[in-house]
Amino acid sequence: MKVEEILKTEQLNKSYENGLKVLNDITFSLKKGEVVVIIGPSGCGKSTFLRCLNMLEPVDSGTIRFKDRVIDRANKDVYELRQKIGMVFQSYDLFPHLTILDNILLAPIQVQKRERSEVAKEAEELLKRVGLSDKTKVYPRQLSGGQKQRVAIVRALMMHPEILLLDEITAALDPEMVREVLQVVLELAKEGMTMVIVTHEMEFAKAVADRVLFMDQGVVVEEGSPEEFFHSPQTERAKQFLNMFHYEAR
Amino acid sequence: MQNLGIQILFQGNNFLRLWEGLWVSLKLAVISMFFSICLGMLFGMVMTSTKKPVRILCRLYLETVRIMPQLVLLFLVYFGAAKHLKVNFSGGTAAVLVFTFWGTAEMGDLVRSALESIPVHQYQSGYALGFGKIGVYRHIIIPQTIRRLLPSMMNLLTRMVKTTSLVVLIGVIEVVKVGKQIIDASRYTVPDAALWVYGVIFIMYFAVCYPFSRAAALLDKKLRD
Amino acid sequence: MDFEFIRTYAPLYASAAGLTLTIAFFGILLSVLIGLLCSLVKIFRIPVLTAIVNGYIEISRNTPLLIQLFFLYFGLPKIGIVLSSETCAITGLAFLGGSYMAEAFRTGIEQIPKIQTDSGLSLGMTGLQIFRFIILPQAIATSVPVFCANTIFLIKETSVFSAVALADLMFVAKDLIGIYYKTDEALFMLVISYLLILLPVSAFCTLLERRVRYAEFGNSDPVSGK
């Protein structure tokens with residue numbers, strides 16, 4: 001059976017104003033149910049790539065296709081498409097003036113015009129699943145970083161996205177909180193959620209990924225299954241990068 | 001022949017006289033600013049004192065100055081002091097006194113917040129390097145403080161310049177007074193002189209204040225990046 | 001000090017204070033409206049209007065209120081625009097205050113991290129929805145401190161209105177000194193009047209600032225979560 005291709009980019013290019021190239025001819029495709037992890041050194045363009053997929057940033061050239069539709073930032077349907085592509089950021093993205101429940105309900109009610117009672121029920125179920133059902137009435141500032149990120153994931157899920165983009169969602173967390181967040185992501189993967197994940201957590205990448213993309217200086221340098229990539233990287237740059245994570249005495 | 005109002009500025013040395021008038025208030029602003037900076041630096045350091053009574057006294061001084069309109073303070077000194085201290089301050093002296101009193105408080109608060117914005121570990125690493133208290137201030141804290149202070153000091157100067165416009169109300173002969181003289185002198189020849197004279201004074205003040213506030217904004221931006 | 005004198009002339013001060021407050025109220029109200037409009041123009045970078053607003057803000061912030069008033073009161077009648085003392089005072093205060101309020105709202109809005117907008121976008125919200133549900137509620141809270149400082153500043157600035165022949169507090173004080181030489185009494189009542197106006201405003205502002213800082217957004221007490 002042929003698996004449906006849900007997201008596709010062709011030769012994406014993007015440069016900063018100072019001429020630095022952040023994305024260099026990125027061609028990429030994502031199948032339904034697939035989990036792709038993008039790793040690479042800081043500033044390699046992986047976060048920018050993710051932001052472009054959600055049309056938060058314009059590209060200089062190339063196309064992004066969601067199913068059969070070409071995504072264009074200038075088009076009106078960008079708002080509708082963004083609902084189908086959820087995104088969770090590094091941190092500070094909950095709305096501090098709203099309670100946890102209102103944070104989660106804001107977009108479903110205002111954007112999708114759904115009934116509050118219906119979405120509230122769904123929100124509570126989701127919160128329960130991530131272990132935060134007692135936090136509906138509190139404000140973001142009263143939560144730990146790990147709790148906030150779990151709420152952010154729930155908030156994105158409430159829109160019923162077909163793809164979830166996770167941009168270094170544990171990078172700003174204390175080490176002891178990383179696990180509780182990644183556990184949620186692992187479960188989502190198991191349920192068949194299509195995801196593109198940027199992360200620095202190598203063990204997590206190994207566990208969750210169907211496919212690993214290694215980016216450096218705006219180029220996809222290497223691509224493969226996690227087993228291939230982590231055990232026998234093909235390129236020199238990938239080898240060097242992976243070596244940085246090893247501290248054992250030689 | 002109908003006179004064009006703008007000609008009033010080019011009659012005799014009118015334009016020059018207006019600038020001289022403005023210079024009177026500017027001088028008051030510069031002198032007050034000078035004293036405010038000197039005293040404010042000291043006051044700012046006192047404000048960071050850890051002793052509670054000292055802090056309360058400082059706060060009281062600052063809040064008193066802040067809550068009273070500067071014109072009220074001017075009246076207090078100009079009219080009040082004349083009666084009680086048996087000294088007849090000229091308007092100019094009263095102005096310098098009041099603006100220094102006000103400027104010192106504002107400057108002190110700027111110095112305080114600049115000092116407090118320097119992280120404790122800056123002091124600690126200074127001591128760790130073997131500097132004494134004076135050495136730490138001289139080589140580590142003060143250079144950093146000045147950089148942070150510069151934009152807000154320039155803003156204070158613009159405020160000071162704007163505020164010195166009040167001295168006309170306590171009888172100092174400055175730009176507005178000169179302007180009035182010019183208007184009165186040409187009441188019949190140039191009936192719409194007031195429009196032009198006050199318009200020009202308006203622009204003159206802008207010409208003086210704008211460069212400072214612009215520079216302050218640019219500096220502030222540079223420090224932030 | 002002559003308390004009989006104070007008792008006699010206290011009503012004069014009271015009505016002058018009333019006048020000061022009335023003008024301050026309307027002036028500040030207009031300032032807020034002008035400030036809101038200007039900050040919106042700047043935030044949404046509306047072409048042409050942004051340049052005009054920027055020019056207005058610089059002119060208003062870099063000239064003294066007194067000179068603005070002189071121009072309005074003595075200058076404008078020469079081209080046929082005659083304003084009463086009151087209109088002049090309110091116009092002047094609004095012209096000055098508008099730019100200060102605009103900056104208060106603009107910095108209030110700019111303090112909100114860009115990631116908040118990004119989050120809204122990633123949830124499919126439009127610019128208008130983001131402004132209304134995410135930016136504005138937070139900006140109101142973040143602008144409160146500067147807004148309060150501006151309000152007090154503008155009330156203090158009303159002290160120059162005597163220059164355009166408005167019978168305000170300064171006017172009354174100067175008059176009494178000139179007529180009766182009761183300098184102490186006149187100045188004493190002047191200070192008391194301003195304290196009576198400004199202290200409650202300042203206390204209210206402190207309260208308001210504390211409220212938006214602690215009560216809102218649930219950061220009152222992170223431990224108890226109350």
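User: Across the interface of chain C and chain B, how many residue pairs are in polar contact?

Analyst: In this predicted model, the rule finds 5 residue pairs in polar contact across the interface of chain C and chain B, both residues being at pLDDT 80 or more. The count of salt bridges between these two chains is 0.

User: How should the size of such an interface be read, and what area do chain C and chain B bury?

Analyst: Interface size is often expressed as the accessible area lost when the parts come together. Here, chain C and chain B bury about 3,200 Å² between them, with 78% of it on carbon and sulfur atoms. Of the area that chain C buries against chain B, 18% is supplied by N62(C), I67(C) and K156(C), more than by any other three residues. The contact involves 36 residues from chain C and 35 residues from chain B.

User: Which elements of chain C supply the side that touches chain B?

Analyst: At least two residues each come from α2 (49–61), α3 (65–75), α4, α7 (169–180) and α8 (183–215) of chain C. The largest share, 10 residues, belongs to α8(C). By class, this side of chain C divides into 23 nonpolar, 7 polar and 6 charged residues.

User: Which pair of chains has the most contacts, and where does chain A stand relative to chain B?

Analyst: Among the 2 pairs of chains that touch, chains B and C have the most contacts. Chain A and chain B do not touch, and their nearest C-alpha atoms lie 17 Å apart. Chain A does meet chain C: 27 residues of chain A are in contact with 23 residues of chain C.

User: What area is buried between chain A and chain C, and which residues supply it on the side of chain A?

Analyst: The buried area is about 2,200 Å², and carbon and sulfur atoms give 63% of it. Y79(A), H97(A) and Q142(A) supply 25% of the area that chain A buries against chain C, more than any other three residues.

User: Which residues form the salt bridge between chain A and chain C?

Analyst: The count for this pair of chains is 1 salt bridge. D118(C) is joined to R51(A), with the closest N and O atoms 2.9 Å apart. The rule also finds 6 residue pairs in polar contact across this interface.

User: What lines the second largest pocket?

Analyst: The second largest pocket holds about 860 Å³ of space and is lined by 25 residues, with I43(C), F44(C), R45(C), K114(C) and T117(C) nearest its centre. Elements supplying at least two lining residues each include α2 (78–84) of chain A and α5 (114–122) of chain C. The lining has 12 nonpolar, 3 polar and 10 charged residues.

Conventions: Residues numbered from 1 in each chain as written. Chains lettered and ligands numbered in written order. Predicted model: local features only at pLDDT ≥ 70, side-chain atom pairs only at ≥ 80, totals over all residues. Heavy atoms only, no water. 1 Å grid on protein atoms, 1.4 Å probe; cavity = no way out; pocket = protein on both sides within 12 Å on 5 of 7 lines; lining within 4 Å. Points joined across faces, edges and corners; volume = space filled by probe spheres on them. Helix = DSSP H or I, 4+ residues; strand = E, 2+ residues; numbered from the N terminus. Nonpolar A, V, L, I, M, F, W, Y, C, P; charged D, E, K, R; others polar. Contact = heavy atoms within 4.5 Å. Buried area = accessible area lost by both parts, 1.4 Å probe. Salt bridge = Lys/Arg side-chain N within 4 Å of Asp/Glu carboxyl O. Polar contact = N/O pair within 3.5 Å; in protein donor to acceptor, adjacent residues only side chain to side chain.
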